[in-house]
Every structure is written in C-alpha cells, then in structure tokens.
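Dear colleague,

I am passing on a structure that I would like you to look through at your own pace. Please open it beside this message, and then read on for what was found in it.

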Amino acid sequence: MIEVSGVSKSYGKTLVVDGVTLSLPKGGLTSIIGPNGAGKSTLMSMIARLLPMDAGSVVVDGLDVTNVSGDVLARRLSILRQDNHLTARLTVTDLVTFGRYPYSKGRPTLEDRDHVERAIDYLGLADLRHRFLDELSGGQRQRAFVAMVLCQDTDYMLFDEPLNNLDISHSVSMMKLLRDSARDLGKTVVMVLHDINFASCYSDHIVVMRDGRLFLQGTPTDIVRQEILSEIYGTEFRVHELDGNRIATFY
Amino acid sequence: MSPDVLRKTSLVTLSILAVLSLVSAVAFMTWGARGSWSFVLSFRGTRLAALIIVAYAISVSTVLFQTITGNRILTPSIMGFDALYVLLQTVLVFTLGAAATSAIDPRLMFIVEVAAMVGFSLLLFRFLFSGHAQNIHLLVLVGIVLGVLFRSLSGFLQRIINPDDFVVLQDRLFASFNITDGTLVGVSAVLVAGVSVFIWRMRDTFDVLALGRDMAISLGLDYQAATTRILILVAILISVSTALVGPVTFFGLLVANLAYLIIPASRHRYTLPAAVLISVLCLVGGQTILERLFAFDTALSIIIEFAGGLFFILFLLKGRNR
C-alpha cells in the first residue's frame with residue numbers, strides 16, 4: 001500500500017500540490033486523471049522520491065521514501081517519467097538490462113538476461129533488440145522504456161503518461177499488458193492518464209486531482225459520470241454505457 | 001548491433017588506439033636521441049610521464065563531467081574550473097609573497113591547492129546542480145561568467161602585485177607541455193593513482209548516471225552522493241592537469257567527443273579508455289611531431305586549442321540543427 005499523507009510542494013510561490021492525503025491499495029491498476037497543471041506528475045515524482053516534498057510523507061509498504069535507502073526502494077517501486085531524453089547511445093537490450101541494476105549492479109547474471117529477454121518479448125521489441133534507441137520511432141522508444149521498468153520487476157510500478165507517442169493498437173496492448181501484470185502477477189500499477197476512456201475501461205481505481213488537491217477517488221463507475229467529468233474539466237461531457245464499459249464523449 | 005559485435009568493434013578500436021599510443025610514446029623517447037642514453041631516457045621519461053598524466057586527467061575528468069551533467073558540450077574547463085586554479089595560485093602568491101610561497105614544500109602546497117580547489121568547486125557546482133531548473137544554457141552561461149570573473153580577479157591581483165612576485169607567479173602559470181620537474185610529476189602521479197582507485201570502485205555506476213538523474217534514482221542509485229564524489233574526483237584531476245601544464249580549454253571536449261564517435265555504444269568501460277588513449281595519442285604524438293619535425297617552431301597547446309575550438313563551434317552548430 002502507498003500511503004500519502006499531507007504532501008505539499010510548491011515551485012517558488014506557486015503551490016502545485018496542496019496537502020494531498022491518499023492511500024493507494026496494493027494490487028490493481030490505479031489511474032490518476034485531472035486537467036493540466038493539477039499536480040499529477042509532481043505528486044507521482046514525490047511518491048517515487050524523484051522530487052523532495054515540502055511537507056508530508058509517503059510510505060510504501062511501511063518504508064518511508066525519504067529515509068529508506070534508494071537501493072532498497074528500487075526493488076519495490078519503479079517509475080517511468082514522461083520525457084526520457086538520453087545523451088547516451090544505447091541499444092534496446094542495453095537499456096532494458098539497466099532494469100536489472102537494482103539486483104545485479106551492472107553485472108547481469110543469466111537470470112537477469114532471462115528477465116531482459118522476457119520483457120523485450122512482452123513489448124514486441126524482439127526484432128528491434130539490437131537497434132540503437134536513436135534509430136527508433138517515438139512509440140518504439142517508449143515501449144523500450146516500459147520494458148526496462150517491467151524488467152525492474154518491482155511490486156509497484158508508476159508511469160507518467162505511458163501512452164505518450166503510442167498509436168491506437170500499441171496503446172491498447174500496453175494497457176492490456178499493464179492490467180494483466182496487475183491481475184496475474186499481483187503488481188500495483190499507478191499511472192497518470194489523459195485519455196478518460198482508457199482510464200474508465202482499464203482501471204480498478206481512479207484518482208482525480210484538481211488544482212493541486214485530491215478532488216475525488218473511486219471506481220470507474222463512481223467517477224466516469226456526466227456531471228462529475230464536466231465539473232473536473234469544465235467541458236460538456238456525455239457518458240455512454242457500451243459493452244459494460246462507460247465511455248465518455250466530449251467533442 | 002548485437003552485444004557481441006559491439007564488444008568486438010570496441011575492443012578492436014581500443015587495441016588499435018593502444019598500439020598507436022605505444023608507438024607515439026616510443027617515438028617520443030627515442031626519435032632524434034643523441035648522446036648519453038641514461039640522460040635522454042630520464043629527461044624524456046619525466047616529460048613523457050607528465051604528458052600521459054595530463055592526457056589521462058583531462059580525458060577522464062571530461063568524460064565523467066559530461067556523464068553527470070548529461071551534456072556533451074560542457075567540460076570542466078568551459079565551466080571555469082581551471083580559471084579557479086589560476087585564481088587560487090594568484091591569491092596565494094599575493095597574500096604570502098613569492099618567497100614564502102616558494103619556501104613551502106611543493107608537495108604540501110600542491111595538496112593544499114587541490115583541497116581548496118575541491119572545496120570551491122563543490123560549493124559552486126553543488127549550488128548549480130541543486131536547482132530544479134537544470135537549464136543547460138544557464139549553466140554554460142554561469143560557468144563562462146564565473147570563469148571570466150576568476151580570470152579578471154586574477155588579472156587584477158597580478159597588476160597590483162609586487163613585480164618580483166609577479167615573475168614567480170607567471171612562471172608558475174605558464175601553460176607549457178615541457179615539464180621537467182620530477183617532484184611535481186611524482187606528486188601528480190600519486191594523486192592521479194589515488195583518484196583512479198575511487199573511479200575504478202565506482203565504475204558500475206557511470207553508465208547508470210548517464211541515464212540521467214530520474215532514472216538513476218529510480219534504479220536505486222544514491223544520486224547526490226555519486227555526483228558529489230565524481231565532482232570531487234573531477235576537481236582533483238583538473239587541479240593536477242592545470243598544475244602541470246596550465247589551463248587547456250578545449251582539449252577535453254575534443255578527445256571525449258572523438259571517443260564517443262569511434263566507440264559505437266555508450267559504455268564507460270569502452271569510452272573512458274578510448275578517451276584516455278586518444279588523449280595520449282594527441283599529446284605525446286603531437287609533441288613528438290612538433291619537436292622533431294617542426295623543431296619547436298610552434299606550441300602544441302596552440303594547435304590543440306585551435307582544433308578543439310573548431311570542434312566546439314561545430315558541435316554547437318550541429319546541436320542547433322537538431
């Protein structure tokens with residue numbers, strides 16, 4: 001379980017995350033949605049100790065992220081942020097192998113190689129495994145980064161907009177893959193999403209943020225409602241029930 | 001490229017560089033030697049050792065600095081590291097006087113200088129890197145401005161200093177690849193060897209650091225500690241090279257980027273040795289050719305800075321196209 005209590009963060013005088021208290025259950029897929037500038041990414045970075053928080057605390061399975069050694073946490077929790085720009089020139093296999101660093105410290109064992117191969121296969125990168133990242137399209141590169149996170153094999157995986165740069169078919173298979181790893185392998189997946197319908201169809205739990213605060217949380221049935229979505233985004237929404245999923249339209 | 005092919009190409013490239021460096025070192029020691037061999041070998045041996053130490057210090061410090069800044073145009077020298085060294089020297093001679101400064105044991109003096117350098121640079125660069133706005137243009141600008149500030153301060157002190165002291169100071173700061181001071185070379189060798197032990201022990205973290213701050217932390221690296229340690233090592237290496245030959249601005253940029261060019265994948269286990277070997281080849285080979293073919297008509301530092309400067313401009317332009 002990830003317990004966030006009273007977490008705040010400000011950049012200069014702007015308060016971006018304002019006293020958020022939230023507990024994310026273990027297991028399942030949780031989506032964080034909300035308008036731009038709601039503090040979603042900032043909150044996620046603080047949970048993953050990438051950003052120091054001004055106030056409050058984050059506890060992951062009893063480990064306080066600000067105190068626990070980075071090494072221990074890296075075997076429990078991993079994060080993939082939005083923009084992953086590399087100066088280093090790496091092949092897909094090289095990058096994915098870094099996912100094993102918390103376990104083998106740069107000297108991958110045979111078991112690590114197995115993990116790497118599996119992660120590469122999962123994300124359909126088998127044909128590209130020896131290509132350099134700068135020779136790949138944005139979507140292929142995004143999949144390589146996700147493969148690296150999978151390879152880290154942590155109980156908690158955080159993704160900041162994992163569907164960035166992915167086409168429709170790859171978005172769907174990415175969501176399925178992450179949902180399956182939550183269901184079948186007992187992983188906890190938390191992601192920031194912009195596509196309400198992906199959040200609605202694949203999440204077990206949705207967290208809504210607005211203006212740096214926790215606005216609402218609940219199951220997709222609780223959240224994906226006309227009046228609620230309209231209030232969150234300030235745009236007219238229509239919600240339809242289609243094949244057991246709630247689909248929002250807003251065009 | 002498959003891992004095996006990558007490893008093979010890298011190793012072949014490294015071997016070729018190693019052979020070329022060896023050839024240039026042998027040429028440096030023997031070409032045009034006349035008279036007593038024992039004199040020639042010990043005289044040239046000291047200079048060769050100094051050149052190799054400088055080559056090693058500059059290349060390793062540049063590659064590591066670029067790894068932690070995630071930028072291939074920045075070098076410690078462009079960020080004003082060596083200007084700081086010159087300032088420290090000037091302040092020392094200015095406050096203590098030339099006689100007192102010369103009376104200090106050179107080994108002790110060197111160590112004190114290095115310590116001051118490390119302290120100062122940590123303060124400066126910790127401040128620069130701790131900001132969340134890691135704007136690279138701001139960083140370069142700050143570095144250049146600080147470099148100018150350090151140089152102007154040194155210039156100012158040098159103008160109001162006692163003329164006798166100034167002569168001594170000028171002698172200390174003159175950039176030259178003709179070092180014959182055995183003691184200084186010895187102290188440098190010990191320092192560089194000590195630094196290398198730490199670098200060797202950290203070798204597995206470099207590739208992870210090159211992924212950038214966020215990924216390094218996510219993979220469980222103590223980022224703050226690792227970058228601080230590397231900054232200290234870089235500061236020591238720069239002090240050593242500046243103490244031996246004076247400020248060399250663009251050389252590190254040149255050799256580091258050549259190493260990235262000829263080694264296909266960014267693994268420090270290949271790029272670091274490649275940068276060192278290219279650096280040795282340039283300094284030792286260049287010095288040999290200058291001495292033997294051009295009979296000392298021009299200074300090596302001028303040629304290297306010219307080539308490095310061109311390379312720097314080329315890199316900036318290429319970066320803008322992207």
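Before anything else, please keep in mind that this is a predicted model. A good place to begin is where the two chains meet, and there the side chains of Asp204(B) and Arg107(A) form a salt bridge, with 2.7 Å from N to O. The count of salt bridges between chain B and chain A is three, and 11 residue pairs are found in polar contact across this interface. On the side of chain B that touches chain A, at least two residues each come from α1 (3-30), α9 (203-209) and α10 (213-218) of chain B. If the residues on that side of chain B are sorted by character, 12 are nonpolar, eight are polar and eight are charged.

The extent of the meeting can be described in two ways. Counted by residues, 28 of chain B are in contact with 34 of chain A. The size of an interface is also often given as the accessible area lost when the parts come together. By that reckoning, chain B and chain A bury about 2,500 Å² between them, with 58% of it on carbon and sulfur atoms. Of the area that chain B buries against chain A, 23% is supplied by Met215(B), Ser218(B) and Leu219(B), which is more than any other three residues supply.

Turning to chain A on its own, you may like to follow the strands next. Strand β1 (residues 2-11) of chain A is joined to strand β2 (residues 14-24) by seven bridges, and the two run antiparallel, with Val4(A) standing opposite Leu22(A) in β2(A). These two strands form a hairpin with two residues between them, and Gly12(A), which lies in the turn, has a positive phi of about 65 degrees. β1(A) also pairs with strand β4 (residues 55-60) of chain A, again antiparallel, through five bridges, and here Ser5(A) has Ser57(A) as its bridge partner.

β7(A) has parallel partners: four bridges join it to strand β6 (residues 77-80) of chain A, and five bridges join it to strand β8 (residues 188-192) of chain A. In the pairing with β6(A), Ser78(A) has Met157(A) as its bridge partner, while in the pairing with β8(A), Phe159(A) is matched with Met191(A). How many of the five residues of β7(A) are buried? Five of the five are, so that β7(A) is described as mostly covered. In a regular strand the side chains alternate between the two faces of the sheet. In β7(A), Tyr156(A), Leu158(A) and Asp160(A) are buried on one side, and Met157(A) and Phe159(A) are buried on the other, which leaves both faces covered.

Two loop residues of chain A also deserve a careful look. Asn165(A), in the loop between β7 (156-160) and α7 (168-184), has a positive phi of about 70 degrees although it is not a glycine, and at 58% relative accessibility it counts as exposed. Asp243(A), in the loop between β11 (238-242) and β12 (245-249), has a positive phi of about 50 degrees and is likewise not a glycine; with a relative accessible area of 79%, Asp243(A) is exposed.

Lastly, in chain B, please find Ser42(B) in helix α2 (residues 37-69). Ser42(B) is partly exposed, at a relative accessible area of 46%, and its C-alpha atom is separated by 9.8 Å from that of Gly182(B), although the two residues are 140 apart along the chain.

With best wishes

Technical notes
Residues numbered from 1 in each chain as written. Chains lettered and ligands numbered in written order. Predicted model: local features only at pLDDT ≥ 70, side-chain atom pairs only at ≥ 80, totals over all residues. Heavy atoms only, no water. Contact = heavy atoms within 4.5 Å. Buried area = accessible area lost by both parts, 1.4 Å probe. Salt bridge = Lys/Arg side-chain N within 4 Å of Asp/Glu carboxyl O. Polar contact = N/O pair within 3.5 Å; in protein donor to acceptor, adjacent residues only side chain to side chain. Nonpolar A, V, L, I, M, F, W, Y, C, P; charged D, E, K, R; others polar. Buried < 20%, exposed > 50% of the residue type's maximum accessible area, 1.4 Å probe, protein only. Pairing = 2+ DSSP bridges.
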